[in-house]
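Trainee: Could you take me through the salt bridges of this protein, one by one, and show me what lies around them? I would love a slow, close look.

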Amino acid sequence: MSTEEENSVEAAAAARRERLRALREAQELLQTPDDDNNNNTNQDEDEDDVQMKFRNYLPHDKQLQEGKVAPPVLPKFEDPMATLPPPEEKKEDPFLNIVPKKPNWDLRRDVQKKLDKLEKRTMKALTQLMEEEEKKRKMAEEDAENGGD
């Protein structure tokens with residue numbers, strides 16, 4: 001299994017090297033200086049021997065049409081993202097979102113005021129019980145101190 005993974009990694013690396021090589025060749029073709037720049041120095045000397053090169057323009061004159069330069073051939077570049085299939089999206093049923101998550105939400109809404117009142121009363125009762133327990137404990141401590149003397 002690891003040899004298959006290594007082979008796939010090596011194949012991907014080789015494909016990437018090939019793409020990079022193709023991109024470098026395309027950049028070199030675009031960055032090469034034109035031959036016109038070299039001829040500018042010789043143009044003053046040879047005014048009679050004028051050679052014009054046309055890359056994007058096709059002149060109507062028959063003599064000038066011979067100076068038409070063929071467009072450069074760029075290496076083929078394949079986009080790796082175009083070959084991958086699009087990721088699958090999860091499709092959810094839209095009617096599932098219509099149903100409330102808890103079936104008793106309306107009952108809770110109606111009873112909430114009463115529950116709030118009961119919560120307050122419960123807290124009040126708990127504090128009273130704690131105060132009574134505290135008083136009993138203090139009374140027991142005082143009796144123990146007074147009785148021990």
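Mentor: Happily! A search of the whole structure turns up four salt bridges. Please keep in mind as we go that this is a predicted model.

Let's begin with E18 and R21, whose side chains meet in a salt bridge with an N to O distance of 2.7 Å. Both residues sit in helix α1, three residues apart, which is about one turn of the helix. How open to the outside are they? E18 has a relative accessible area of 45%, so it counts as partly exposed. R21 is also described as partly exposed, because its relative accessibility is 40%. To be called buried, a residue would have to be under 20%, and to be called exposed, over 50%.

While we are in helix α1, look at what else it carries. The helix covers residues 2-31, and E4 is part of it. E4 joins E5, E6 and E10 in a negative surface patch. With 58% relative accessibility, E4 is over the 50% cut-off and therefore counts as exposed. L20 belongs to helix α1 too. Together with L23 and F77, L20 makes a nonpolar surface patch of about 250 Å². L20 has a relative accessibility of 34%, so the right word for it is partly exposed.

Now let's move along to D110 and R109. Their side chains form a salt bridge as well, here with 3.4 Å from N to O. R109 has a relative accessible area of 51%, and because the cut-off for exposed is over 50%, R109 is exposed.

Next comes helix α5, which spans residues 105-148 and holds both R137 and E141. These two form a salt bridge in which the closest N and O atoms are 3.0 Å apart. R137 and E141 are four residues apart in the sequence, again about one turn of the helix. R137 is partly exposed because its relative accessibility is 42%, and E141, at 40%, is partly exposed as well. This pair does not stand alone: salt bridges that share partners link E134, R137 and E141 into one network. When you turn the model, try to find these three side chains together.

Helix α5 also holds K117. K117 gathers with K113, K114 and R121 in a patch of positive charge on the surface. At 58% relative accessibility, K117 is over the 50% cut-off, so it counts as exposed.

With those pairs in mind, we can step back to the whole protein. It has five helices and zero strands, and read along the sequence the pattern is α-α-α-α-α. The accessible surface comes to about 15,200 Å², and carbon and sulfur atoms account for 53% of it. Of the 149 residues in the protein, 3% are buried.

So what does a buried residue look like here? P59 gives us an example: its relative accessible area is 4%, which is under the 20% cut-off, and therefore P59 is buried. P59 is placed in the loop between α2, residues 35-43, and α3, residues 62-65. If we leave aside the neighbours within four places in sequence, P59 is in contact with F54, L64 and Q65.

To retrace our path, you can start from E18 and R21 in helix α1, go on to the salt bridge of D110 and R109, and finish at the network of E134, R137 and E141.

Methods. Residues numbered from 1 in each chain as written. Predicted model: local features only at pLDDT ≥ 70, side-chain atom pairs only at ≥ 80, totals over all residues. Heavy atoms only, no water. Patch = residues over 30% accessible without salt bridge, like charges linked within 9 Å, V, L, I, M, F, W, Y side chains within 5 Å. Areas by Shrake-Rupley, 256 points an atom, 1.4 Å probe, with all protein chains shown as cover. Lys, Arg positive; Asp, Glu negative; His and termini not counted. Charge placed at Lys NZ, Arg CZ, Asp CG, Glu CD. Helix = DSSP H or I, 4+ residues; strand = E, 2+ residues; numbered from the N terminus. Buried < 20%, exposed > 50% of the residue type's maximum accessible area, 1.4 Å probe, protein only. Contact = heavy atoms within 4.5 Å.
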